[in-house]
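Visitor: Could you take me through one part of this model up close? I'd like to see how a single strand sits among its neighbours, and then whatever else catches your eye.

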Amino acid sequence: MAKHVTQAPVLVMDRVTGTVWRLRAGWDGPVRAGQFFMLRGWQGKDPLLARPVSVHDWGAGWVDFLFEVRGEGTRLLSALRPGDTLELTGALGNGFDADLPAGTKVALVGGGIGVAPLLGAARALRAAGCAVTLFVGFRDEPYVLESFEALGCGVQLATDSGRFGHKGFVTDLLNPTEFDRVLVCGPEVMMEKVARACLAAKVPVFVSRESHMACGIGACLGCTCHTKNGPKSTCKDGPVFPGEVLYE
Amino acid sequence: MSKADIRVNLCGVELKNPVITASGTFGYGQEYTDFMDVSALGGICSKGVTYVPKYGNEGRRLAETPAGLINSIGLQNPGVQHFIDHELPAMLKLGPAVLANLGGASIEDYEAGAALLDATEVPLIELNISCPNVKAGGIAYGVKCESAREVVRRVRAATRKPLIVKLSPQAEDLAAMARTCQEAGADGVSLVNTFTALAIDIERRKPVFNNLYAGLSGPAIKPIALRMVHQVCRAVQIPVVGLGGITSAADAIEFIMAGATAIQVGTANFLRPGIAAEIAAGIQTWCDDHGVKDLNKIRGCV
């Protein structure tokens, strides 16, 4: 019992850019790309709730989280240092299906910190022999692109500022018909735009949703979304949904 | 030294300990079985179910506050009949006493839901007249004594099951409300449901929640909830179930010393699955360590 709640050691803590951090924690349980954990890196009751953070990458004995400091909870997570302990509940959610035939052409589409869960997907897809291209948009300075390049993924970059890559939206760069499957994670408007383009082109698309949540395990009903199959919990039934379930 | 007896009798139903998981924070029990030994609990209460299925509220449903949580779920549930056919059978097998939490948008809804539950094996019904997050029903019956009297009387007539009425801290006069429920046939009362609260998004200059107001729970409300439970325990002769911000065995024991027969753990379930079982174990340890042979001996000592 309680096998999914662990006191995990912080192994590595890196500042990736100004507000984005990479946290490596000790973990040796099962995990899939696109799943998430609830992270609690502080004592006491304030903040009250753990923070849902997607799995960025993992290996033997560790799991990486890439997160952006947005409020008090993520600020406290960013203050953890190697040797500290954090409470991990997970791995939670369904994750991406990476069990695809070799040679499948997959586009990963990320917006900002939405790039986080796509690295694990890229690793699993590359291991299965898929051809993977990352399309990613940032406000200004990009991050973690080298992790994708190291896996042999193509990278197409867009920024709002135009200082790096294409000036404009990442959706300007993507032609869904060039791919067999598209996985997307980022701001809701971006995900809907990508998903609708894919659905119109009859290309299977999978969307990783973000939501406020309290429990992470399907109990609080705080992260419910409409689907064509009725109300679903982002945490338990997702966070990954087929595009047609959300947008048709 | 023998272990302390921490069993409690709640409206004729024996609980192995006084810890019940509160409605809306424990799903239908099944959600937690991967994370904890649910059978270690005294009771588990279902998400609020209504005669008519509900999607719940649109828009954002949660906002955190210092040591608190505001929710605007809006009684999302698959309906009483679906609950009886699908969720309840598995819930009953988990071991703890099951409370079916019943909401409604009208007195007729409450009656129809209670009649359906009456024909099941569920040992206890918790009547929710205190949900702040639905426009019709819920708290509409929980503010004024006369509205509560009518709905409790009618539901009482629709079921022989032990009936616990869940009260709102928004009641105009909570002690009078509890007495009214007792007079109308309630076998017990539970309190408090959430406090009506407001959060504003200053960038959008709009309320965070589509419904404007929502319900505040968590450790932030505990001292007020405890005072209210103390007052109600002195106003009625029926069992009182205390809840509101309990996150530890010490909190739970405070509510029992204030007079509660049993306690509910709500928002704390979101801190860490398994916390309710830790609280039950902590009550046992505290009693053992303090030479309290029977939990009933400390009830209402304050």
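Guide: Let's go straight to strand E8 (residues 124-128) of chain B, which is joined to E9(B) by four bridges, the two running parallel. Keep in mind that this is a predicted model. Within that pairing, Glu126(B) sits opposite Ile164(B) of E9(B).

Now stay on E9 (residues 163-166) of chain B and look at where its side chains go. Leu163(B) and Val165(B) point one way, Ile164(B) and Lys166(B) point the other, and all are buried, the lysine included. That's the usual pattern: in a regular strand the side chains alternate between the two faces of the sheet.

On to E10 (residues 188-191) of chain B, which E9(B) meets through three bridges, again running parallel. Ile164(B) turns up here too, standing opposite Gly188(B) in E10(B). Lys166(B), for its part, has Ser190(B) as its bridge partner in E10(B). To get from E9(B) to E10(B), the chain goes through helix H4 (residues 174-183) of chain B, making a right-handed β-α-β crossover.

Just at the end of E10(B) there's something worth a pause: the peptide bond between Leu191(B) and Val192(B) is cis, with omega at about 10 degrees. Val192(B) itself lies in the loop that links E10 to strand E11 (195-198) of chain B.

Step back, and these strands turn out to belong to a barrel. Eight strands of chain B close it in the order E3-E4-E7-E8-E9-E10-E15-E16, with parallel pairing. From one strand to the next, the twist averages 25 degrees.

As for what lies over the strands, helix H2 (residues 107-118) of chain B lies across strand E7 (97-102) and E8 of chain B, and its direction is at about 160 degrees to E7(B). H2(B) also packs with helix H1 (residues 80-92) of chain B, at an angle of about 20 degrees and with the axes 9 Å apart. Because angles under 35 degrees count as roughly parallel, that is what H1(B) is to H2(B). Their crossing is right-handed. Where they meet, Val80(B), Gln81(B) and Ile84(B) on the H1(B) side face Gly113(B), Leu116(B) and Leu117(B) on the H2(B) side.

While you're here, a few spots in chain A deserve a glance. The bond from Asp46(A) to Pro47(A) is another cis peptide, with omega near 0 degrees, and Pro47(A) lies in the loop between strand E3 (36-40) and strand E4 (51-59) of chain A.

Then there are two non-glycine residues with positive phi. Val144(A) has phi at about 55 degrees and is placed in the loop between strand E8 (131-138) and helix H3 (145-150) of chain A. Lys202(A) comes in at about 60 degrees, in the loop between helix H4 (188-200) and strand E12 (205-208) of chain A. Their surroundings are another matter: Val144(A) counts as buried because it has 22 C-beta neighbours inside 10 Å, whereas Lys202(A), with 8, counts as exposed.

One last lysine: Lys232(A) is in strand E14 (residues 232-233) of chain A. It has 20 C-beta neighbours inside 10 Å, so it counts as buried. Leaving out residues up to four places away in sequence, Lys232(A) touches Thr224(A), Cys225(A), Thr227(A), Asp237(A) and Gly238(A).

Notes:
Residues numbered from 1 in each chain as written. Chains lettered and ligands numbered in written order. Predicted model: local features only at pLDDT ≥ 70, side-chain atom pairs only at ≥ 80, totals over all residues. Buried ≥ 20, exposed ≤ 12 C-beta atoms within 10 Å, placed from the backbone. Pairing = 2+ DSSP bridges. Right-handed = clockwise from strand over helix to strand, strands pointing away. Axes fitted to C-alpha atoms, helices over the stretch in contact; angles between N-to-C directions. Contact = placed C-beta atoms within 7 Å. Parallel < 35°, antiparallel > 145°, perpendicular 65-115°, else oblique. Left-handed = near helix turned anticlockwise from the far one by under 90°.
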